[in-house]
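Colleague: Got a minute to look at a model with me? I'd like to go over the packing, the pockets and the cysteines.

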Amino acid sequence: MRKLINQLISFKKINFPSNSYIFVILMWLVSRLVIIVAMQVVVPLMYTSPVHTYWQPPYPLGYAPNFVPKLSWELFSHWDGKWYRSIAVEGYNYANDGNQHSIAFYPLFPLISRGIMMFGLPFEVAGTVLNNCAFLGALLILYSWVKERHGTHVARWTTAVVAWCPFSLYGTVIYTEGLFLLLTTAALRAFDNRQYVWAAVCGALASATRATGITLLPTFLLVAWQEKKPLSAYIAGLCVPLGLISFSLYCAIAFKDPLAFVHIQKTWAQPSWWFILNDAISVGRDSLIKVVMVFGGGYMLWYFRHQLSKTAVVYGYCSLLLIIFSGALMSINRYAYGIVSLSWALGLVFSRHHRWGYLILIWFAILLYSYSFNFTIWNWVA
């Protein structure tokens with residue numbers, strides 16, 4: 001395994017042209033195959049009778065106690081995917097009745113999925129294709145951005161981190177990770193390269209994809225002020241909330257509550273930081289990963305603050321602060337993975353410490369397989 005990763009990282013035995021993106025496509029393809037084998041081959045072979053889980057009523061949306069995993073696109077749509085399917089097929093619903101409703105989920109992903117469905121594809125196919133294509137696009141843009149600043153070596157390590165991180169599972173199943181990474185990475189790179197129209201468009205779309213997309217607003221404004229950028233840079237920043245504002249206007253018109261998507265969040269139970277920190281001290285794996293990703297990620301941003309793009313550093317800190325204080329801590333490790341700046345910083349670490357990089361990528365691959373397996377049988381991953 002280490003020899004394979006070494007060859008993929010170094011390309012010492014393969015003579016591709018310097019401007020080739022074959023490495024990126026290969027990283028994407030091989031890592032996605034690990035997920036597909038776990039979900040579509042191993043799990044259906046192992047479970048020929050109903051899966052026994054710890055879930056009690058009320059069950060997660062779309063879960064059935066007699067669930068038997070069979071090779072199908074449906075396996076990619078568990079958890080949030082069921083909510084996105086509900087939105088794409090039936091539209092939004094909301095009532096202030098203490099129950100969970102689909103208005104909690106931002107509109108861009110189900111809207112694009114709905115558009116793809118117009119070609120005759122079922123939602124499960126449309127959502128999976130959308131997320132995987134967007135994830136590949138995010139890897140290609142990230143590779144190009146990092147290569148512009150650090151060269152091919154660091155760009156390859158950074159790409160490998162994003163592709164093999166176990167939370168990259170959510171760049172294949174029906175979640176918003178792929179689309180969000182694509183839009184935020186494109187917006188940040190465009191802003192860095194003074195392409196402010198693209199930065200504005202991608203930033204507005206990002207804020208219609210996930211709540212943390214709004215952190216592009218303070219990022220653009222702060223960097224524009226620090227680097228004395230032109231007025232167009234400030235305008236790009238002010239365009240970021242347009243996606244969120246549009247969603248809020250829809251909520252006001254449809255449900256008479258412009259903050260319905262905020263108010264509904266209280267119906268999802270969330271752990272506290274006190275619980276997470278205590279559990280991490282007791283070596284609870286999930287809580288420990290949360291603490292390391294959030295606070296370790298913050299340290300890495302500080303350590304590499306002079307090597308990373310200033311835009312990436314400011315965006316990283318703005319995003320970390322938002323997810324720390326948002327109260328939505330159940331999936332904070334997955335949200336941290338969606339902060340592209342943290343993967344860039346870890347790519348810099350691995351590019352200088354190859355042995356650790358290989359070992360951790362192997363560990364990532366094992367966890368990626370494990371997370372894919374558990375996701376398929378309705379075990380909570382992130």
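Colleague: Which residues is isoleucine 103 in contact with, leaving aside its neighbours within four places in sequence?

Modeller: This is a predicted model, by the way. In it, isoleucine 103 is in contact with Tyr92, Asn93 and Tyr94, and also with Phe247, Tyr250, Cys251, Phe255, Ala260, Phe261 and Ile264.

Colleague: And how many residues has the largest nonpolar core?

Modeller: It has 127 residues. Ile103 is among those with the most contacts inside that core, along with Trp164, Phe167, Leu169, Tyr170 and Phe375.

Colleague: Which helix gives the most to this core?

Modeller: That's α5, residues 123-150, with 12 residues.

Colleague: OK, pockets. How much space lies in the largest pocket?

Modeller: About 1300 Å³. The largest pocket is lined by 40 residues, and the closest to its centre are Phe105, Gln265, Trp268, Gln270 and Tyr335.

Colleague: Which elements give two or more residues to that lining?

Modeller: They are α3 (80-90), α12 (260-263), α15 (310-325) and α16 (332-337). Of these, α3 gives the most, with three residues.

Colleague: How do the lining residues of the largest pocket divide into nonpolar, polar and charged?

Modeller: You get 27 nonpolar, 10 polar and three charged.

Colleague: What about the second largest pocket, what volume has it?

Modeller: About 530 Å³. The second largest pocket has 24 lining residues, and Val292, Met293, Leu346, Trp363 and Phe364 lie nearest its centre. Two or more lining residues come from each of α14 (285-303), α16, α17 (340-352) and α18 (354-376).

Colleague: Which element gives the largest share there?

Modeller: α14, with eight residues. As for the make-up of the second largest pocket's lining, 20 residues are nonpolar, three are polar and one is charged.

Colleague: Switching to cysteines: how many disulfides does the structure hold?

Modeller: Zero.

Colleague: Why is there no bond for cysteine 239?

Modeller: The closest cysteine sulfur, in cysteine 202, is 12 Å from the sulfur of cysteine 239, so that is too far for a bond. The cut-off for a disulfide is 2.5 Å between the sulfur atoms.

Colleague: Is cysteine 239 buried or partly exposed?

Modeller: Partly exposed, at 21% relative accessibility. The cut-off for buried is under 20%.

Colleague: And cysteine 165, buried or exposed?

Modeller: Cysteine 165 is buried, with a relative accessible area of 8%.

Methods
Residues numbered from 1 in each chain as written. Predicted model: local features only at pLDDT ≥ 70, side-chain atom pairs only at ≥ 80, totals over all residues. Heavy atoms only, no water. Buried < 20%, exposed > 50% of the residue type's maximum accessible area, 1.4 Å probe, protein only. Core = buried A, V, L, I, M, F, W, Y, C linked by side-chain atoms within 4.5 Å. Helix = DSSP H or I, 4+ residues; strand = E, 2+ residues; numbered from the N terminus. Contact = heavy atoms within 4.5 Å. 1 Å grid on protein atoms, 1.4 Å probe; cavity = no way out; pocket = protein on both sides within 12 Å on 5 of 7 lines; lining within 4 Å. Points joined across faces, edges and corners; volume = space filled by probe spheres on them. Nonpolar A, V, L, I, M, F, W, Y, C, P; charged D, E, K, R; others polar.
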